[in-house]
Amino acid sequence: MQKSEENFNNFKDFPKNYDYQAVEKKIAQYWEDNDTYSFDFFDTEKEIFSADTPPPYVSSAHLHVGHVMSYSQAEFIVRYKRMKGFNVFYPMGFDDNGLPTERYVEKKYKINKSKITREEFIDLCLKETKIGIETYKALWKSAGISVDYRLSYSTIDERCRKTSQKSFIDLYHKKLMERRNEPILWCPQCRTSLAQADIIIEELNGILYDIEFKSSSGQGLIISTTRPELLGACVAIYANPLDDRYRFLNGQSVKTPLYNKDVPVKYDETVDINYGTGLMMVCTWGDAEDVRKWKEHKLDTAIIIDKAGRLNEAAGAYSGLTARDAKRAIVDDLKKLSFIKGEKPLLHNVGVHDRCETPVEFIRELQWFIKILDNKDKFLEAASEIKWYPDFMKPRYDEWVNNLKWDWNISRQRFYGVPFPVWYCANCGEVILAKEDELPVDPAVAHPNIIKCPKCGGEKFDPETDVMDTWMTSSMTPLINALWAYDSRTADKKKLLDRIYPMSLRPQAQEIIRTWLFYTVVKSIYHTGNIPFKNVMISGWGLDKNGKKMSKSLGNFVGPEEIINKYSADALRYWASKANLGQDLRFNEEDAVNGRRLLIKLWNAARFLITNVNEGFNPYEKDISELELGEVDKWVITEFENTLKICGNYMESYEYSSSLKAMVDFFYNVYCDNYLEIIKNVFWDEEEENFDRKDKALNVMYFVSFNMIKIFAPFFPFITEELYLSFYKNFETAGSIHLSNWPDYRKELNFESSIKIAKILLNIIEASRKLRTSLNLHQNHKIDKLLVKTLNNDYISILNSVNSDIKSAARAKRMIFSDEADFKTADDNLFIKIEK
Ligand SMILES: [Zn+2]
Ligand SMILES: [Zn+2]
């Protein structure tokens, strides 16, 4: 490529300091203006790499450095794949429907849901969603996340509503979607039903009360329970059939204290003989086991807790109290009447809602369920077809599937979500589905596309007023990306389904294995019979410096903008690269400091090359392998190629952290501390200017540094791009370093013998530096003679072959073999002496 005079002058003026703030802004704009990260819809040759980007919850106030960490980690891999020549499909999603947004809006505006209309509330949610999306976009832009915004979706937009509704209809037709009137998990705080995945188990302090019941034969029976407030909902007493103590109760009933209700005695092998007295009170419903026994043994139903978590009329005197207050009142009364025979503190497991940490209750309601319990095997098998990075995360998924106790309840009694595409006949209750070509539909606004109920001829229809679980939409992300809902209509778009599905990579956080990952597998298997993605990459958490989760309320929140302004986005990404896959990482400002130091060193190293380049320089006049390379050149190239090979292997197995570390070590220890130190004197020596040596060194520096910044590019996209655009691009064809090719390992550039030679040379240089220090001689002072003595005859020819590099690096006019050399180097066979 021909160079203009002007450019070379610019090279001489290459800035001394790296102004990261100006550069990062400029480069981010450059990528945007040039569509650098666009997926090429028309390229059918290149293999596609597609990533199922996690759509973050759009609540703009909670972003901390940990979020940037997990997105950057996946992004390192995506950028690597792009440089490996893949046509990269890297979309951005925003998860803005559902409870997380509702709760955010409720908190921000201090909303009482009973005093605001559905429309007003949804408007506020939409408004916050919009702000959130802009905040995220600005942050991802400044953090260098290389998504293609043309591929964006938001889980409340038309495409996503259509996709979730089509999913509902498809599952309904496949008889995998059922409406049932069943006990369901309920959050009294959020006033909505929940699925098992929305519950987390917390260990809470409680009290185990020993309460006396009376058998019909008049015998006192002690039953231990942590939930006396549910006494009014007690429908049976259970014992283990193998427990001899309670055989005599067979056929009897038992009277509950306070309520004086007769309940039957039943036997079930699951009753733990050693828990309490071995007798168990079963209520409708205290937990999943209650529900199971209630179903299997067809027990009575006694509902005592309402949707607000308060006791209802059936609780008599306790009606209207919250469950917590009722517990206190009932325990008081039981004590007064001497029904409590003992109590002891107990740590017990309580299921709480993951969004608000309120203990969940059970109520019975008509709800929509996706059948999942019958197909656990399929879901386990699907997970085995997916490659897990790191593989130790897979057992978490398997354990979750194996422990599933409930089908997936997708009905939510909330506002801001995707509506069900469903009406019911007001007369007979027949389910009327929307037609696929009307989707998305809001049944509260639209009418069904029929005049009469096909079952009873009724003409009045009621819309389903619940909305769908937010995971009902986010579980569709691979199919949202692949335009699955548009499959039958557009031939063009069908191709996308064939091309990007299953997706190449699902990056995600560990705590949503049980939700996002699992549900996505369920949906993909049900809809397509295929796995949703081939690889899954699980990130750990970004924690504060003490290993605690970051939050604004704890005051340990570190915002990404603050760190980007202070140290640069590349430096923040350097910190993010420190965690191995799947491992938590504490935020340590020192890492950002080190990151910035590395960037400055990169800048200075590049600057040394750039400012020494003269007119006519052409790195491609000859291939590097055709140059007559000196031993030091061969050595640095060999070390580089070896490192390159290691980096490539690490990146292939998603070990980005080890990859970067290997190249950073090469950069500091081999390239800067030794190669540049040896070679720089060639450029400074005005007495013995050696043009040929300079030219070769420039070629080697170009080769090594250009390929090296390519390896750094996925991690530090800004500085590498700036160096590329302002210098390397003059000799290259790609419009961006991120669109250039990841370098291939070249076996012919492995000069194994040069490593041994370089070692001898480096030992001499190191010793000469030490010796200068002890002689109080400035490192740059040119000495007259460097005396060398070796006890190994093989060294002589080697030392002669690197004679000029030794002289240059040791700043010596001559190198002479002499027995006078008495300063021992790190090599026992090698001594030196300096003569000023
Ligand atoms: Zn809740
Ligand atoms: Zn009907």
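**Exercise 1. A residue in strand S7**

Which residues does Glu212 touch, not counting residues up to four places away in sequence?

*Solution.* Before the first step, a note on the model: it is predicted, local features need pLDDT of at least 70, side-chain atom pairs count only at pLDDT 80 or more, and totals for chains, interfaces and linings use all residues. Residues are numbered from 1 along each chain as its sequence is written, chains are lettered from A and ligands numbered from 1 in the order in which they are written, and side-chain values use heavy atoms, with hydrogens and water left out.

- Step 1: find Glu212 in strand S7; helices (H or I, at least four residues) and strands (E, at least two) are DSSP runs, numbered from the N terminus.
- Step 2: look for contacts, meaning heavy atoms within 4.5 Å. With residues up to four places away in sequence set aside, Glu212 touches Gly220, Leu221, Ile222, Pro257, Phe339 and Lys341.
- Step 3: check the accessibility. Buried means under 20% relative accessible area, exposed over 50%, and partly exposed in between (1.4 Å probe, protein chains only). Glu212 has a relative accessible area of 18%, so it is buried.

**Exercise 2. Another residue of S7**

Describe the surroundings of Lys214.

*Solution.*

- Step 1: Lys214 also has its place in strand S7, which covers residues 199–215.
- Step 2: the relative accessibility of Lys214 is 38%, so this lysine counts as partly exposed.
- Step 3: leaving aside neighbours within four places in sequence, Lys214 is in contact with Gln219, Gly220, Ser253, Val254 and Lys255.

**Exercise 3. The first zinc site**

Work out the geometry around the zinc ion (ligand 1).

*Solution.*

- Step 1: list the donors, which are N, O and S atoms within 2.8 Å of the metal (3.2 Å for Na, K and Ca); water is not among the atoms, so sites may look incomplete. For the zinc ion (ligand 1), the protein donors are Cys187 (SG), Cys190 (SG), His353 (ND1) and Cys356 (SG), at 2.0 to 2.3 Å.
- Step 2: read the spacing along the chain, C-x2-C-x162-H-x2-C.
- Step 3: apply the angle test. Four donors count as tetrahedral if all angles lie between 85 and 135 degrees. The 4 donor atoms here make angles of 103 to 116°, and the site is tetrahedral.
- Step 4: look at two of the donor residues. Cys187 is buried because its relative accessibility is 0%, and Cys190 is buried at 3%.

**Exercise 4. The second zinc site**

Why is the arrangement around the zinc ion (ligand 2) tetrahedral?

*Solution.*

- Step 1: Cys425 (SG), Cys428 (SG), Cys453 (SG) and Cys456 (SG) coordinate the zinc ion (ligand 2) at 2.2 to 2.3 Å.
- Step 2: the arrangement is tetrahedral because the 4 donor atoms subtend angles of 102 to 114°.
- Step 3: the donors follow the spacing C-x2-C-x24-C-x2-C along the chain. Cys425 in strand S18 (residues 422–425) and Cys453 in the loop between strand S19 (431–433) and strand S20 (461–463) link distant parts of the chain, being 28 residues apart.
- Step 4: Cys425 counts as buried, because its relative accessibility is 3%; Cys453 is buried, with a relative accessible area of 3%.

**Exercise 5. Two helices against H14**

Describe how helices H9 and H10 pack on H14.

*Solution.*

- Step 1: take the axes, which are lines fitted to C-alpha atoms, for helices over the stretch in contact, with angles from 0 to 180 degrees between N-to-C directions. The axes of H9 (residues 376–385) and H14 (residues 513–528) come within 10 Å and cross at roughly 105°, which means that H9 is roughly perpendicular to H14. Roughly perpendicular covers 65 to 115 degrees.
- Step 2: Lys378, Phe379 and Ala382 in H9 meet Phe518, Val521, Val522, Ile525 and Tyr526 in H14.
- Step 3: H10 (residues 394–402) packs against H14 at about 75°, the axes being 10 Å apart, so H10 is roughly perpendicular to H14.
- Step 4: Arg396, Tyr397, Trp400 and Val401 in H10 meet Ile513, Arg514, Leu517, Phe518 and Val521 in H14.

**Exercise 6. Backbone details**

Find two cis peptide bonds and their places.

*Solution.*

- Step 1: the bond from Leu439 to Pro440 is cis, with omega near -5°, and Pro440 has its place in the loop between S19 and S20.
- Step 2: a cis peptide bond also joins Tyr501 and Pro502, with omega about -5°. Pro502 lies in the loop between helix H13 (491–500) and strand S22 (503–509).

Definitions and conventions: Parallel < 35°, antiparallel > 145°, perpendicular 65-115°, else oblique. Tetrahedral: all angles 85-135°; square planar, octahedral: opposite > 155°, others 65-115°.
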